[in-house]
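Biologist: I have not looked at this one before. Could you take me through it a piece at a time?

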Amino acid sequence: MRKLNTIIYGVFGVLALVYGLGALIRPQAIVPEAGQFPISHLVREQGALGVFLGLMSVWCIFNEDRRTAVHYFLTLFAFLLAAIHWLDFFSGHLSWRSPLYNSVPFLILLLMALVNRVAARI
């Protein structure tokens, strides 16, 4: 289980770091309308969050015995992100793909928490 956790945290961390750094360096690559000030500022702030999430995921790799709280906070963040996309989908602003692929990190983190909890009892 430890190796699978390491792989998942590593993939999640790398993706979050790449997204975050991309949003910080070139916000227009993430959101084409980010050439204007308020939007570019918000996309860069979102990029900073991506860097933080990536670093926290990497931290979980090296601190398995102390990662429980961080894992639950990452799961909560992933849930909130998925919920935002589902609400925007039901409001008619997004296609069905957006909430689906934004729900994947939440489902993976939730499944990891459940499997690790069961494994700890055995």
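Biologist: Which residues does Asn116 touch, not counting residues up to four places away in sequence?

Modeller: Asn116 touches Met1, Asn5 and Arg67, where contact means heavy atoms within 4.5 Å. This is a predicted model, in which local features need pLDDT of at least 70 and side-chain atom pairs count only at pLDDT 80 or more, while totals for chains, interfaces and linings use all residues. Residues are numbered from 1 along each chain as its sequence is written, and side-chain values use heavy atoms, with hydrogens and water left out.

Biologist: Where does Asn116 lie, and is Asn116 buried or exposed?

Modeller: Asn116 is in helix H5, residues 97-121. Helices are DSSP runs (H or I, at least four residues), numbered from the N terminus. Asn116 counts as buried because its relative accessibility is 15%. Buried means under 20% relative accessible area, exposed over 50%, and partly exposed in between (1.4 Å probe, protein chains only).

Biologist: And where is Met1 found?

Modeller: Met1 is in the segment before helix H1 (2-25). With 44% relative accessibility, Met1 is partly exposed. Met1 also helps make a nonpolar surface patch of about 350 Å², together with Leu4, Leu111 and Val115.

Biologist: What counts as a patch?

Modeller: Patch residues have over 30% relative accessible area and no salt bridge; nonpolar side chains (Val, Leu, Ile, Met, Phe, Trp, Tyr) are joined within 5 Å, like charges within 9 Å. The areas come from the Shrake-Rupley method with a 1.4 Å probe.

Biologist: Changing topic: how many salt bridges are there?

Modeller: The count is one, taking a salt bridge as a side-chain nitrogen of Lys or Arg within 4 Å of a carboxyl oxygen of Asp or Glu. Glu64 and Arg2 form the bridge, at 3.1 Å from N to O. The pair links distant parts of the chain, 62 residues apart: Arg2 is in helix H1, and Glu64 is in the loop between helix H3 (37-62) and helix H4 (68-90).

Biologist: Why does Arg2 count as exposed?

Modeller: Arg2 has 57% relative accessibility, so it counts as exposed. Glu64, at 24%, is partly exposed.

Biologist: How many aromatic pairs does a search of the whole structure find?

Modeller: Four. Rings of Phe, Tyr and Trp (its six-membered ring) pair if their centres lie within 6.5 Å; planes under 30 degrees apart are stacked, over 60 edge-to-face, and the rest tilted. Trp86 and Phe89 are edge-to-face because their planes are at 90°, with ring centres 5.8 Å apart.

Biologist: Which residues form the aromatic cluster?

Modeller: Trp86, Phe89 and Phe90.

Terms used:
Helices (H or I, at least four residues) and strands (E, at least two) are DSSP runs, numbered from the N terminus.
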